[in-house]
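Trainee: Could you take me through one part of this model in detail? I would like to look closely at where the chains meet.

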Amino acid sequence: MIVALLLLIPFITALALMFLRPTQQAKNVALISTLASLGVVLFAWSAYTGGTVIHYNMDWVPSWGLRFVMGYDGVGLLMLILTAMVFPFIIAAGYGEKLQHPSLVNALLLFTQTFLFGVFLAQNTLLFYIFYELSLIPVFFFLLYWGGEHRRAITVKFFIYTLLGGLSLLFGIIYCLGQGEGFNGDFATIGSLNIPTSVQIWLFWVLFLAFAIKLPIFPFHSWQPDTYAMAPLQGTMVLGAVMLKMGLYGIIKIVLPIVPQGVVHWQETVILLALIGAIYGGIIAFRQSDLKRLIAFSSLSHVGLLCAGLFAWNSYGVSGSLYQAFAHALLVVCMLYISGAMKERVGSSEMGAMGGLKVRTPRLAALFLLVLANAVALPLTQSFVGEWLMFAGLWQVNGGLALAAVSTIVLGAIYMLFAYQRVMLGPDKWALEMTDATTRDHFVLVPLIAITLFLGVYPGPILELVDVPVQQLLSSLSLN
Amino acid sequence: MRTDLLTILVPVLPLVGAIILASLRRKLSANVAGGLATALIASSFVASVVLFMGFEASTGGRTVHMLDWISVGGMDIPLALRIDALSLTMMLIVTGIGSLIHLYSIGYMHEDERAPTFFAQLNLFSFAMLMLVMGSNFLITFIGWEGVGLCSYLLIGFWYKTPEYNYAARKAFVMNRIGDVGMVLAMVLLFERFGTLEYASIMDMATGGMNDPLMIAATLFLFIGATGKSAQLPLFTWLPDAMAGPTPVSALIHAATMVTAGIFLIVRSSVLFESAPFTKDIILWIGTATALIAASIGLFQNDIKKVLAYSTVSQLGYMFVALGMGAYSAAMFHVTTHAFFKALLFLGAGSVIHALGGEQDIRRMGGLKGSIKITFITFFVGTIAISGLPLMSGFFSKDLIMAYGFQHSPVLFGLLLFGALLTTFYMFRLLFLVFYGTYRGKAHPHESPLTMTIPLMVLAVLSVIGGLLNLPHLFGGHEPMKHFLETAADAIRYEHLGLSATTEWTLMGITTVLVFTTIAMAYGRFAKRATLEGAEADMPFLKRLIAQRWRLDELYAALFERPYGWISAHLFTTVERHVMVPVMNGVGAAALAMGGVVRKLQTGNTSFHLLAMLCGMIVFLLITLMSN
């Protein structure tokens, strides 16, 4: 029931929006739909008692032995919660955007949500792959028709990049399906795969490439800053908050179980690349003049850390990475929302055109500051919990890598505080009247900040969710 | 149970104050906000006193568990507070001095339109500082550690319309963060080694091996953290800039409490440092160098707050010297007396600035002793206390460190004595230039209101009698503070000052004679000045170098700040734009060119393919779901 509802609520709403085109009510309808999905996910969370919950398990393509299996475990549930939790805010952020054809926009967003739910519910690699690629489609159209400058070129580049990665993944999955009887594509049967280590070493990259691009990690990131900067606000939110988490999830659900030896072999390489990206993005972010592009590079930096933490492959690293994935989703929505709110007021997201806004918009400045505290991972915010666990995890791998990872806390402080200063502080230079935070601004930012702080003080509920699955995952592979 | 509640209330009261004030900041008047903030921190003080009275030192201490915080895998880090001699000492300083400074701020900030915000941030700071000192494990301390950093950032940049202040605020935060890298690594390392971050457990487990490389690394990392927060070489240049904040902030955060966090941290983990003599030597010499360099800069500063800021850096250096010699209780004693007299001096400076309508340049002061009597007398007391005139609080605490220094090596004693004389000289220079001679400015000095002068008077009394807290045997005392603190940190039990009474009296005599000589010198040069020396350009090289703060700010700008900006800009314009993007585009294009299937996607039929895929998926899904 839960699975069906999660797929059907956004899907049917999206279809309705697409065909009925209720322009006036489109945003309200979409908002209600996402809130309903959130309700379903929260119900699933409250009913969850551990293990893998399978809702559907039936023949799919009997001639190939493929089965249609859907359900979730703790990690999947975390991703579902994350997706369900940020979407109402993404829809709400649309109330400030003056996009053409709001019904279509919201329909595309809800299609995306459907497929994202599908990705996190799929318990079969091929099914995962299909949803994974499907989720790209509505985003593709959204960017192509509603994007900013150079949208065609940038969207096509983004599409080709992710598609290439996807094809590589598909090839890898098909290769694995061809390996003997035991593996029929289901996650549950991955354990029966027995791929020689020499094969795992190259197969790792075949599978990993898709996720490396999706996250993205250095040096596969070059599609990301332009795309984030060009995409409509809600598009960037979807990409940054949820879609990249598919990469993380895919690594845990597909790459690690299928090619554990390959993972071990490439572990330090990947951590190194990820951390280079984390530092590279963090340094570049400092001198960016466009707030949205700064957020893009800051996201590159955060995601580098996420990936590095994951590849520590110990319980602190993986739990921390998953926890941080959640924190990062909320953070990205908050950051982008603020950039949108500022753009609404001064007409551009260039920080050179801002400055001194605290005088005019003190409430927004205060909200920005609270978001900033989370962005630089001050303790008692959600990000700190994740970062601390990842640092502890990375230390167990290698002290030097841990040092590199920890150094990002300095870079983050440098670019975030400089951004805050350029936007908010300094002398008042505004002659025009400017509205401070509106009801809508509060509706989006206050709950998100409240969740961030609550989970910073009391991370237990989320950590409990991932603790056991992560332990099982690691012990089943006996990596440690 | 009742004491547990009381313990939790100590940090929570100011937190509640911060939340209330921040949410009602536009509705409250400055006085109401100030009154509420002061009442809450004063309640914390009362609670701390009650806890102190009811505390039995012989039990060692106890832990109050509030909440499970981070528990995952084998890690179990609770939100818990620890009450023992060390945390109680710090709690009394933080809430006691904090209350006085809150009270003072009511007068100082009453005309500022953002006074409620100011008090909210001051209360938030108190909360964070209390978490720092009360935490039962490193990670709780780190909550406070970062929290005070945030509040320091906010309060330095409180007058946010001035870009230089914002720069100073950012500089403080970033330099602290550099130290925090050390702190985080230390915690990670200690957790890896001990499987816990609880102070009590680590103290039990950490015994044995001398100079274990792991312990050296951990203690060095902790010390790096301490150099950031407590403004030691090479990370001290943020503190003088931090004077951009309102003066009560300088008194509370940048003199009495936050900057002593590094010392507190090292005393807290003294067991670890005892097993790493190598680290202690480094602390000793960094402390000495900082004490002397900062004191030398203090000689030539003309901003009343900058003189005090360099003085603070220098005094913190003395505390680190004590730590480096393993004289933890001496360091804590100096933390305490320094909190009294440096808070007093800063608040006095604030009162002077207030009296002169915002003037901070001592070249435009002079002759104020008649017009602002209370400020003058209390400032005078602060000056003689910090200079270590006999029987003042600073006399006992600094003398103890210098005696340990003599025991360590006479050379060290010589350096510390030299630093002490520099201190005396620049402090009396300041006193004479501000209060003696003739007035060189144009304002109409007026004495500050009672809310400001009462804290001055209380602190002046404390600065005089503070030495009683740890009165040495030589003066018929029993070092009560040392004996109290040793119940919290075993290392203090083994501190031993083995000098004979004659030696101690001799050292004290030499110091005192030289201090008085220095005062006489300063009097001769500055007490009757009508004008001050000319521009820096006319000074001889060394003097100019010192007056320009050893050009450290310029050095850091040239070595780190500007290159970092350059790298940031060029990494984007050159590497990202001209290497990463074209190369990866090339790879993508090549891959596409090779794939016949994919090529079709480029011909414009993309949407058709995708829609076909979508429709197939939809139909399939619906069938599957319905058939269930």
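Mentor: Happy to! Let's start where chain B meets chain A: 49 residues of chain B are in contact with 53 residues of chain A, two residues being in contact if their C-beta atoms, placed from the backbone, lie within 7 Å. Keep in mind that this is a predicted model, in which local features need pLDDT of at least 70, side-chain atom pairs count only at pLDDT 80 or more, and totals for chains, interfaces and linings use all residues. Residues are numbered from 1 along each chain as its sequence is written, while chains are lettered from A and ligands numbered from 1 in the order in which they are written.

On the side of chain B that touches chain A, at least two residues each come from strand S1 (61-72), helix H5 (138-156), helix H6 (163-194), helix H24 (552-594) and helix H26 (606-627) of chain B. Helices (H or I, at least four residues) and strands (E, at least two) are DSSP runs, numbered from the N terminus. H6(B) gives the largest share of this side, with 15 residues.

What about the chemistry? The side of chain B that touches chain A is made up of 32 nonpolar, 9 polar and 8 charged residues. Here Ala, Val, Leu, Ile, Met, Phe, Trp, Tyr, Cys and Pro count as nonpolar, Asp, Glu, Lys and Arg as charged, and the others, Gly among them, as polar.
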